[in-house]
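Open your viewer and keep the selection panel handy. We will go from strands to a helix and then to the packing inside.

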Amino acid sequence: MIVKLVVQIRLLPTPVQAAALEATLRACNEAATWASGVAFAKDVKNNFALHQHTYREIKARWGLGAQAAQRVIKKTCDAYAVLRANLRAGWLGRPGSKRYRRATEKPIAFRAEGAQPYDDRMLSWQTDRRRVSIWTTAGRVKEVAFTASSEQLATLALHRRGESDLVYRDGMWFLNATCEVPEQPLNTDPTDFLGIDLGIVNIATTSDGEVMAGRELNRIRVRERRLRAKLQQKNTPSAKRRLRKRRRKEARRARDINHKIAKHVVAEAWGHLPRRSGSGGAPVAGSPWRT
């Protein structure tokens, strides 16, 4: 069985290289927004049909290469496929609701610096040298440096397959590379079971009585909520910038704590950590989710 993983590496472009990457993202997203308008007006939202209506115009107007133009068209079709899936699942409200109409009554628009997919014809890796060659509207930009851990480099070298996404976020450039990693077979059969109860006040409680969450995490949430309220009242450009920054920071903290809790629970379930049967909710020593 194959498991798909995304390895994120950080690019370290020179100012000239960064300018070329930024111009490329803007051109691709402008073209995608235009193609989205065509798809919406003509109701052609599959790749083959939209290709016939937009391919030549995208190449001529925005100067994109053949592969880049095709990636833009596919990106547009994929966005509409995601929209249809969300509508069917009810994530955007019931048909006729305000939120539903807002999502369906106008074409999808793409941010000027939204991520852009690249395939192997537009991107080549020199993993051992930590360099990448990438297509831009200014031509092929070679010798773009990147940084990654030794584990990420090994995964890239052995398992990278398919597309990679060029991403610009918070003044930094990234490549999200898709890797297909073979799943390691499990050589042991379970001899016991561990129940997990998920909640809001307590993120996780095991059947052994261990509680993971508590006062420290809740204090952080309350402090962040109060700070957001103050910044929202100010409603100045600098306050909005701080709100965006705080939102990303809080999301990273929550993701980190959830990841640590998940690893701890899995390790305990497999017997890598001592069980605490009848512990009565004793906290884990040194953990960031002390009760």
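Here is a short tour, one selection at a time. The model is predicted, so local features need pLDDT of at least 70 and side-chain atom pairs pLDDT 80 or more, while totals for chains, interfaces and linings use all residues. Residues are numbered from 1 along each chain as its sequence is written, and side-chain values use heavy atoms, with hydrogens and water left out.

**Strands.** Select β1 (residues 2-12) and β7 (residues 172-182): they pair in the antiparallel sense over 10 bridges. Pairing needs at least two DSSP bridges; strands are DSSP E runs of at least two residues, and helices are H or I runs of at least four, numbered from the N terminus. On β1, find Ile9, opposite Leu175 in β7. Now add β5 (residues 139-147), which pairs with β1 in the antiparallel sense over three bridges; Arg10 faces Thr147 there.

**A helix.** Next, pick α3 (residues 66-89), with 24 residues. Its C-alpha span, first to last, is 35 Å, close to the 34 Å expected at 1.5 Å a residue (1.5 Å times one less than the number of residues). Just after α3 comes Gly90, with a positive phi near 85°.

**The core.** Which residues touch the most other members of the largest nonpolar core? Show Ile9, Leu11, Ile58, Leu64, Trp125 and Leu166, out of 53 residues. Such a core joins buried Ala, Val, Leu, Ile, Met, Phe, Trp, Tyr and Cys residues through side-chain atoms within 4.5 Å; buried means under 20% relative accessible area (1.4 Å probe, protein chains only). Helix α1 (residues 15-42) gives the largest share, 11 residues. Finish with a second, separate core of eight residues, including Ile203 and Met212.

Notes
Buried < 20%, exposed > 50% of the residue type's maximum accessible area, 1.4 Å probe, protein only.
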